[in-house]
Amino acid sequence: LFQSADQMFVSADLDGSRTIARYEFEGQATNAAELTNVNAANIWSSVVLLGQGEMSRMHYMLLLGAVDLATLRNLLVSRFLLVRDTWNASNPNGDSMVTEAEFKA
């Protein structure tokens, strides 16, 4: 069917966005892997825990088990930066406390 995880990613990325949307993932899972719609949806939900509408290439490769240490490190760094940036944006005065007003701003 596919020679590599990279080929699977390219095949799933129907719109060429370099990310996999839920419909692309579930379509590939039900067509190529012959999973049920329910199983495909459950896999998506278990992998994309924050409710995002798309999956990065790194997430897709992690799911397939086709990840090397460098890719895993990049994924962890990107997650950490997202959390750090969110914290910094929520704490504009830098006092290490996020008040309700700062949180709602």
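Of the 105 residues in the chain of this predicted model, 23% count as buried. The secondary structure consists of six helices and two strands, and from the N terminus on the elements follow the order α-β-α-α-β-α-α-α. The accessible surface amounts to about 7,300 Å², and 58% of this surface belongs to carbon and sulfur atoms. Among the contacts with a separation of 6 or more, 35% are accounted for by residues 24 or more positions apart.

**The nonpolar core**

- The largest nonpolar core has 10 residues in all: Ala 5, Phe 9, Ala 12, Ile 20, Phe 25, Trp 44, Val 48, Met 55, Tyr 60 and Met 61.
- Two helices, α1 (5–12) and α4 (57–64), each supply at least two residues of this core.
- The helix that gives the most to this core is α1, with three residues.
- Within α4, the residues His 59, Tyr 60 and Met 61 are buried.
- After α4 comes Gly 65, whose phi is positive, near 75 degrees.

**Aromatic pairs**

- The count of aromatic pairs comes to two.
- One of them joins Phe 9 and Tyr 60 in an edge-to-face arrangement, with 5.5 Å from centre to centre and 70 degrees between the planes.
- Phe 9 belongs to helix α1 and Tyr 60 to helix α4, so this pair ties together parts that are 51 residues apart in sequence.
- Both Phe 9 and Tyr 60 are buried.
- A further pair is formed by Phe 25 and Trp 44, whose ring centres are 5.6 Å apart; their planes stand at 50 degrees, so the pair is tilted.
- This pair links distant parts of the chain, since Phe 25 lies in helix α2 (residues 22–31) and Trp 44 in helix α3 (residues 37–47), 19 residues apart.
- Phe 25 has a relative accessible area of 7% and is therefore buried, as buried means under 20%.
- Trp 44, at 2% relative accessibility, counts as buried by the same cut-off of 20%.

**Salt bridges**

- The structure holds two salt bridges.
- As background, side chains of opposite charge can pair when their charged atoms come close.
- Arg 57 and Asp 6 form a salt bridge in which the closest N and O atoms are 2.4 Å apart.
- This salt bridge links distant parts of the chain: Arg 57 is in helix α4 and Asp 6 is in helix α1, 51 residues apart.
- Arg 57 has a relative accessible area of 36% and is partly exposed; Asp 6, with a relative accessible area of 39%, is also partly exposed.
- Glu 26 and Arg 22 meet through their side chains in a salt bridge, with 2.7 Å from N to O.
- Glu 26 and Arg 22 are four residues apart in helix α2, so about one helical turn separates them.
- In general, an α-helix has 3.6 residues a turn, so residues three or four places apart point the same way.
- Arg 22 counts as partly exposed, at 34% relative accessibility.

**The surface and the loops**

- Trp 87, Val 98 and Phe 103 make a nonpolar surface patch of about 320 Å².
- Val 98 is found in the loop between α5 (69–90) and α6 (100–104).
- The relative accessibility of Val 98 is 30%, and Val 98 therefore counts as partly exposed.
- Ala 32 is placed in the loop between α2 and α3.
- At 31% relative accessibility, Ala 32 likewise counts as partly exposed.
- Ala 32 and Ala 12 are 20 residues apart along the chain, and 9.7 Å separates their C-alpha atoms.

**Links between α1 and α4**

- Helices α1 and α4 are linked by the aromatic pair of Phe 9 and Tyr 60 and by the salt bridge of Arg 57 and Asp 6.
- The two residues of the aromatic pair, Phe 9 and Tyr 60, are buried, whereas in the salt bridge Arg 57 is partly exposed and Asp 6 is partly exposed.
- Phe 9 and Tyr 60 are also among the residues of the largest nonpolar core.

Conventions. Residues numbered from 1 in each chain as written. Predicted model: local features only at pLDDT ≥ 70, side-chain atom pairs only at ≥ 80, totals over all residues. Heavy atoms only, no water. Buried < 20%, exposed > 50% of the residue type's maximum accessible area, 1.4 Å probe, protein only. Contact = heavy atoms within 4.5 Å. Areas by Shrake-Rupley, 256 points an atom, 1.4 Å probe, with all protein chains shown as cover. Core = buried A, V, L, I, M, F, W, Y, C linked by side-chain atoms within 4.5 Å. Phe/Tyr/Trp six-rings, centres within 6.5 Å; stacked < 30°, edge-to-face > 60°. Patch = residues over 30% accessible without salt bridge, like charges linked within 9 Å, V, L, I, M, F, W, Y side chains within 5 Å. Salt bridge = Lys/Arg side-chain N within 4 Å of Asp/Glu carboxyl O.
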